[in-house]
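Thank you all for coming; I would like to walk you through one model this morning, beginning where its chains meet and then moving inward. Please have the sequence and the structure open as I speak.

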Amino acid sequence: MASEHGEEVKVLGKWSSPFSNRVVLSLKLKGVAYKYSEEDFANKSDDLLKYNPIHKKVPVLIHKGNPLPESLVIVEYIDDTWTNNPLLPQDPYERALARFWSKTLDDKILPALWNACWSDEKGRDKAVEEALEALKILQEALKDKRFFGGETIGLVDIAANFIGYWVAILQEIAGLELLTIEKFPKLYKWSQEFVNHPVIKESLPPRDKLFAFFKASASK
Amino acid sequence: MGDEVILLNFWVSPYGIRVRIALEEKGIKYENREEDVNKKSPLLLQMNPVNKTIPVLIHNGKPICESLIAVEYIDEVWNDKSPLLPSDPYQRSQARFWTNYVDTKMYEIAVKIWKSEGEEKEAAKEEFLECLKLIEEQLGDKPYFGGDNLGLLDIVLVPLICYTYTYNIYGNFINETQYPKIIAWSKRCALKETVSKCLPEEQRVKEVFSKRRQDLNK
């Protein structure tokens with residue numbers, strides 16, 4: 001399905017980045033056609049420097065020639081522009097909650113998980129404790145829902161892609177047990193629903209490739 | 001309409017000021033409740049268990065945490081007047097992007113200026129001024145970032161510019177002649193009653209920061 005607005009949609013991204021992946025997931029869930037351009041950080045493209053001169057980071061969405069960086073800002077823009085399969089709820093209070101959890105994921109939860117997986121022996125115990133605490137509060141937010149968005153994938157599910165997919169890989173490399181069925185049964189179940197969702201499944205980077213990529217970083 | 005709106009706040013917090021300006025712009029009746037940040041009320045801990053911070057907007061008993069999320073909520077619920085965000089999706093995304101930029105980058109640098117000394121402090125000031133230049137470009141020739149009226153970006157900038165420029169909390173480092181548009185904008189905002197009633201008194205703010213400086217140096 002071509003873009004309803006008849007104009008090209010382009011994504012500057014990095015295949016291994018969960019932030020880039022959020023944009024891809026959102027476009028795919030809406031059935032929006034787009035061109036994808038892989039960025040090599042060692043050699044930033046002219047496009048990237050032109051479209052995100054401030055941060056020089058991916059992802060960047062370019063729609064009708066207009067650039068937009070910042071994954072969560074992009075996801076909300078996608079939801080505003082292509083109104084099928086809404087990613088945010090209609091009710092203002094539910095929307096505020098969705099935004100709160102997405103922000104908390106970026107500000108608190110993702111960093112805690114990332115730090116734990118990359119921690120050295122000295123800081124490990126504390127980092128792991130914080131990561132487990134972060135997963136606990138995320139699980140509480142899920143309650144008994146299938147997805148954070150209810151019956152369908154929503155903003156928070158997309159924002160939590162790192163938790164749903166990346167964490168399993170990183171914790172294996174680090175030799176840690178963070179998100180497990182024993183420790184967080186509801187959240188673990190959500191992660192399985194997430195990665196097995198038909199659209200999500202085909203939009204995630206291949207596991208072997210991601211594992212190899214992070215394993216290589218770990219040995220540096 | 002029978003709405004109950006409470007704001008759990010701490011008077012000197014720039015984040016609290018953001019929410020208050022939004023409430024004032026919309027003409028919403030609300031109760032401002034002062035929290036003692038050293039002795040948080042049971043209500044605050046109940047309403048914001050994740051971060052335990054102010055401001056928290058409580059609308060008919062339901063809490064909305066994080067100042068910018070509260071501002072967007074206010075805009076969506078009281079949507080009959082004074083829109084704080086543009087209706088066009090791209091304009092809206094731009095407003096959110098720049099607001100995020102000020103909220104994360106510029107506020108962080110301001111804290112760095114506050115906490116550092118010597119060379120590090122000077123470098124942080126330079127960084128802040130570079131950001132300010134970029135922001136000024138966003139203003140262009142509009143009276144406010146929101147156009148003819150205050151928008152989300154105005155709201156996030158007002159407390160920051162008030163403290164860093166008007167009240168000079170970090171020392172005099174913003175040269176009025178180099179940022180004429182921002183300075184003019186800042187004065188224009190201060191003339192609005194919806195803004196001026198939310199800005200705490202300069203002397204009181206200076207006293208708090210002076211005490212914080214002493215505590216920092218201990």
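Let me begin with the contact between the two chains, where, in this predicted model, chain B and chain A bury about 2200 Å² between them, with carbon and sulfur atoms giving 67% of that area. If we look at the share that chain B buries against chain A, then Val50(B), Tyr90(B) and Phe97(B) supply 28% of it, which is more than any other three residues do. In terms of residues, 23 of chain B are in contact with 23 of chain A.

There is also a polar side to this interface, since 10 residue pairs between chain B and chain A are in polar contact, counting pairs in which both residues have pLDDT 80 or more. On the side of chain B that touches chain A, at least two residues each come from strand S4 (62–65), helix H3 (67–77) and helix H4 (89–115) of chain B. Which element gives the most to that side of chain B? H4(B) does, with 10 residues. By residue class, that side of chain B divides into 13 nonpolar, 4 polar and 6 charged residues.

Let me turn to the charged pairs, of which 7 are salt bridges between chain B and chain A. As a general point, side chains of opposite charge can pair when their charged atoms come close. In the pair formed by Asp80(A) and Arg92(B), the N to O distance is 2.9 Å, and this salt bridge crosses between chains, running from helix H3 of chain A to helix H4 of chain B. Arg92(B) counts as buried, because its relative accessibility is 17% and the cut-off for buried is under 20%.

A second crossing pair joins Glu76(B) and Arg95(A), at 2.8 Å from N to O, and here the link goes from helix H3 of chain B to helix H4 (residues 92–118) of chain A. Arg95(A) is buried too, with a relative accessible area of 15%. A further salt bridge is made by Arg96(B) and Glu76(A), at 3.3 Å. These residues belong to a network of salt bridges that links Glu76(A), Asp80(A), Arg95(A), Arg99(A), Glu72(B), Glu76(B), Arg92(B) and Arg96(B).

Over all chains the structure holds 32 salt bridges, and I would single out one within chain A, between Asp79(A) and Lys30(A), at 2.5 Å from N to O. Asp79(A) lies in helix H3 (residues 71–81) and Lys30(A) in the loop between helix H1 (18–29) and strand S2 (35–38) of chain A, so this pair ties together parts that are 49 residues apart in sequence. Both Asp79(A) and Lys30(A) are buried.

Now to the interior. The largest nonpolar core has 147 residues, and those with the most contacts inside it are Leu113(A), Ile163(A), Leu187(A) and Leu57(B). H4(A) gives the most to this core, with 12 residues. Setting aside its neighbours within four places in sequence, Ile163(A) is in contact with several residues, including Leu105(A), Leu110(A), Leu135(A), Leu179(A) and Trp190(A). Apart from this core lies another one, of 6 residues, among them Leu12(A), Tyr51(A), Val58(A) and Val60(A).

Two residues of helix H4 of chain A deserve a closer look. Leu110(A) sits in that helix and counts as buried at 6% relative accessibility; with the same neighbours in sequence left aside, its contacts include Phe19(A), Arg22(A), Ala159(A) and Phe162(A). Ser102(A) is also in helix H4 of chain A, is buried with a relative accessible area of 2%, and has Leu72(A), Leu155(A), Val156(A) and Ala159(A) as its contacts beyond four places in sequence.

I will finish with the backbone. As a reminder, most residues other than glycine have a negative phi, and most peptide bonds are trans. In chain A, a cis peptide bond joins Val58(A) and Pro59(A), with omega about 5°, and Pro59(A) lies in the loop between helix H2 (46–51) and strand S3 (60–63). In chain B, the bond from Ile54(B) to Pro55(B) is cis, with omega near -5°, and Pro55(B) lies in the loop between helix H2 (42–47) and strand S3 (56–59). Although it is not a glycine, Glu66(B) has a positive phi of about 75°, and its place is in the loop between S4 and H3 of chain B.

Note on methods. Residues numbered from 1 in each chain as written. Chains lettered and ligands numbered in written order. Predicted model: local features only at pLDDT ≥ 70, side-chain atom pairs only at ≥ 80, totals over all residues. Heavy atoms only, no water. Contact = heavy atoms within 4.5 Å. Buried area = accessible area lost by both parts, 1.4 Å probe. Salt bridge = Lys/Arg side-chain N within 4 Å of Asp/Glu carboxyl O. Polar contact = N/O pair within 3.5 Å; in protein donor to acceptor, adjacent residues only side chain to side chain. Helix = DSSP H or I, 4+ residues; strand = E, 2+ residues; numbered from the N terminus. Nonpolar A, V, L, I, M, F, W, Y, C, P; charged D, E, K, R; others polar. Buried < 20%, exposed > 50% of the residue type's maximum accessible area, 1.4 Å probe, protein only. Core = buried A, V, L, I, M, F, W, Y, C linked by side-chain atoms within 4.5 Å.
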